[in-house]
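Work through the exercises below with the sequence and the model side by side, and try each task before reading its solution.

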Amino acid sequence: MDESTIIRKQIELFEKKGINRRKFFKIMAAAGLFSLIDTQHAKAFSSKAKGKIVIVGGGAAGISMAARLKRWLDEPNITLIDPSDRQFYQPGFTLIASGVYKPEDVWKKQEDCMPSGINWVKDAVIAVDPVWNQVTTAKNGKIPYDFLVLAPGIQLNWDKVEGFSYDQLGVGNAHCIYDFQGAQKTWKALQEFTAKGGRGIYTDTYTKHKCGGAPKKICLLTEHYARKHNQRDHIQLDYFTAEKALYDVPYFTPRLIEIYKERNIPIQTNTRVKGIDTAAKQVHFERIETIDGEKKVTPFVEDYDFLHFLPPMSAPDFVKEAGLGFPDGNLAADGWAMVDKETLVHQKYPNIIAVGDVAGTPTSKTSAATRVQVPIAAKNLIALMEGKEPTEKYNGYAACPIVTDYGHVLLCEFDYDKNPQISFPFSMLDMSKEQWAAWLLKVYVLKPLYFYGMLKGYA
Ligand SMILES: Cc1cc2nc3c(=O)[nH]c(=O)nc-3n(C[C@H](O)[C@H](O)[C@H](O)COP(=O)(O)OP(=O)(O)OC[C@H]3O[C@@H](n4cnc5c(N)ncnc54)[C@H](O)[C@@H]3O)c2cc1C
């Protein structure tokens, strides 16, 4: 689809929803401005550097890196390894689970997203040997590299929830939107739950996880859905977080907590899911507190009629097994790649760079963060190929559009220091509050920006 067709389709969608063209173009301008600036930037740079680049993973980070490197290198030699047939726009899973998007809205064939001239090996990497500079694949044996881009995303560890396994997703009304099928099951169950009434429990997990906002969004969307259908009095909603607070970005947190209060959704902190009994519809929790310097663990059980939970997450096993994770510190346990948080270059192996969710950067794991990391990582990789020092620096930018109801989004954008980083020109609005304009951005702009801007190496 060419750009004019995409824009025409977006306008038609807006008009169907009663939104006029002027407003549409305001929003498009807001989003488009940045990709345009980057287009100029993208074209201005090129390098004669040579070397075989292997990219592991072809999601948000891997495909965008391939597109950038392909454009910036005069003689690119790029192999991308990814077993998936499909490219998913995962931020759309929340909108499938709330009935805003249809499942077919969020994916494209991987072959249509792959930049031309890239050698795509449709396989999974099972090991990396960073000393001998080669990766091992499941079906195609060993593949050597001069430079490695690690972009395999995150691993969902379903079996770390006692009594649960992936094939049980949806059984006993236990749901998770972090999976494409799971998001579809959630939408059906959410409608049935709000129609029937009962108690809904919403949880997150104790590990770092992608899009920390997603479990909060689906909770708030359930609440609003019930209200819209005059069923609010028939459901009780509770949010349990493993963290010591609902959110930890000071500019946005007060309003988010206020919204939960206004909607009458109690929040319990320091509570993590230990297991789920889908037959009894019970969640087994642990409250973990430090009292007088001593760790105290209190188990308790809660009954539910509808459950939304997150499995613990980590870097894929092969990353940790290859010794590419941190040896100690709070990023060590889950194997996140040991990169310099500014240059994204591996701290032990300087011919490896990690981008996206797998990177051990102390910020939120979002595709918005990935979008900002990619041009920095690509420039730094080229510097290394040229035998120079990597000088581009990532400031920890991440964004999480927290959908607070059908029509509003609290657009949380921040850096490593948790300072707000409002990048879209919404400065005339108070972005510490939920905004309708941010909803338009989330529902109508960010998806085309992903498929036609970011994955093409322009945004
Ligand atoms: C429910 C949900 C809501 C979200 N909401 C938002 C949001 O609102 N805003 C936002 O910015 N972000 C959001 N995100 C997060 C965002 O989708 C991720 O941060 C982003 O996709 C990370 O990009 P990535 O390339 O690192 O990983 P992915 O995009 O997950 O790509 C990883 C790729 O690696 C491949 N791979 C995996 N293992 C191997 C292997 N062994 N060998 C080879 N290839 C492999 C996979 O097939 C996949 O193609 C959300 C995510 C979810 C699940």
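The shell around the ligand draws at least three residues from each of domain 1 (3-154 + 315-398 + 439-454) and domain 2 (158-313), the domain bounds being taken from an automatic or database domain assignment. The model is a predicted one, in which local features need pLDDT of at least 70 and side-chain atom pairs count only at pLDDT 80 or more, while totals for chains, interfaces and linings use all residues. Residues are numbered from 1 along each chain as its sequence is written.

**Exercise 1.** Describe the shell around the ligand by its nearest residues, its elements and its classes.

Solution. Begin with the residues that come nearest, which are Gly57, Gly59, Gln90, Gly153 and Gly356 out of the 37 around the ligand; a residue is near if its C-beta atom, placed from the backbone, lies within 6 Å of the molecule. Next, look for the elements that give two or more residues to this shell, namely helix 3, helix 4 (92-96), helix 10 (367-385) and strand 21 (398-405), where helices (H or I, at least four residues) and strands (E, at least two) are DSSP runs numbered from the N terminus. Finally, sort the shell by class, which gives 21 nonpolar, 12 polar and 4 charged residues; here Ala, Val, Leu, Ile, Met, Phe, Trp, Tyr, Cys and Pro count as nonpolar, Asp, Glu, Lys and Arg as charged, and the others, Gly among them, as polar.

**Exercise 2.** Find the strands that pair with strand 1, and say how its two faces are covered.

Solution. On the one hand, strand 1 (residues 53-56) runs parallel to strand 2 (residues 78-81) and is joined to it by 4 bridges, with Thr79 as the bridge partner of Val54; two strands pair if DSSP finds at least two bridges between them. Strand 1 also pairs in the parallel sense with strand 9 (residues 147-150) over 4 bridges, and there Leu150 is the bridge partner of Val56. In a regular strand the side chains alternate between the two faces of the sheet. In strand 1, Ile53 and Ile55 lie on one side and Val54 and Val56 on the other, and all are buried.

**Exercise 3.** Is Cys211 buried or exposed, and which is Asn230?

Solution. Cys211, in the loop between strand 12 (198-203) and helix 7 (214-228), counts as buried because it has 27 C-beta neighbours inside 10 Å. Asn230, in the loop between helix 7 and strand 13 (235-240), counts as exposed because it has 9 such neighbours inside 10 Å. The cut-offs are 20 or more other C-beta atoms within 10 Å for buried, 12 or fewer for exposed, and partly exposed in between, with C-beta atoms placed from the backbone.
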